[in-house]
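Got a minute to look at a fold together? Pull up the structure and we'll walk through it piece by piece.

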Amino acid sequence: MQPLHLSKKRKGDVAELAVAAHCLKNGYQVLFPYGEDTRYDFVIEQEGLFKRVQVKYVTPKNGTLDVSCRSSNNWSTRAYTADEIDIL
C-alpha cells in the first residue's frame with residue numbers, strides 16, 4: 001500500500017492528534033476548542049494548570065526545521081503572540 005498524499009491541512013490535523021495523544025499518555029487532560037477561529041489548537045490541563053498549545057507540522061529541509069509562527073486563511077496571515085499561546 002502506497003502512502004496517501006496528504007494536504008497541508010490534513011498533515012496539520014495528523015500532527016495535532018499525535019501531540020494530543022502524547023499529552024494524554026503523559027497524564028494531561030486535553031481540551032479541543034469548538035470551531036476553527038481560535039489562536040491555539042488545543043489546551044492541556046494538569047492539576048488545575050491550563051496551557052494553550054499550537055502545533056505545527058514541518059518537514060525537514062537540508063537538515064533544519066523551519067517553523068512558521070503564523071496562521072493564514074484565505075483572507076489574511078497573522079503572527080502568533082506570547083499572549084495567545086503558551087506552547088508551540
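What follows is a short tour: confidence, then the sheet, then a spot on the surface.

Keep in mind that this is a predicted model. The mean pLDDT of the protein is 87, and 92% of the residues reach 70 or more. Confidence isn't spread evenly, though: strand S1 (residues 29–31) has the highest mean, at 98, while strand S4 (residues 70–72) has the lowest, at 71. As a rule of thumb, where pLDDT is low, the predicted coordinates shouldn't be read in detail.

Now for the sheet. Three strands make it up, in the order S1-S2-S3, with antiparallel pairing. The sheet is open, and its edges are S1 and strand S3 (49–53), each of which pairs on one side only. Neighbouring strands here are turned by 25° against each other on average, ignoring direction. In general, the strands of a sheet pair through backbone hydrogen bonds, and they can do that parallel or antiparallel.

Zoom in on S1 and strand S2 (residues 42–46), and you'll find three bridges joining them in the antiparallel sense. Which residue of S2 is the bridge partner of Val30? That's Ile44.

Finally, head to the surface. Leu4, Leu6 and Val14 form a nonpolar patch there, with about 280 Å² of accessible area together. Leu4 sits in the segment before helix H1 (8–25). Is Leu4 buried or exposed? Its relative accessible area is 71%, so Leu4 counts as exposed, the cut-off being over 50%.

How values were computed: Residues are numbered from 1 along each chain as its sequence is written. This is a predicted model: local features need pLDDT of at least 70, side-chain atom pairs count only at pLDDT 80 or more; totals for chains, interfaces and linings use all residues. Side-chain values use heavy atoms; hydrogens and water are left out. Patches are made of residues with over 30% relative accessible area and no salt bridge: like charges are joined within 9 Å, nonpolar side chains (Val, Leu, Ile, Met, Phe, Trp, Tyr) within 5 Å. Accessible areas come from the Shrake-Rupley method with a 1.4 Å probe; for residues, only the protein chains shown count as cover. A salt bridge is a side-chain nitrogen of Lys or Arg within 4 Å of a carboxyl oxygen of Asp or Glu. Helices (H or I, at least four residues) and strands (E, at least two) are DSSP runs, numbered from the N terminus. Buried means under 20% relative accessible area, exposed over 50%, partly exposed in between (1.4 Å probe, protein chains only). pLDDT is the predictor's confidence in each residue, from 0 to 100. Two strands pair if DSSP finds at least two bridges between them. Axes are lines fitted to C-alpha atoms, for helices over the stretch in contact, and angles run from 0 to 180 degrees between N-to-C directions.
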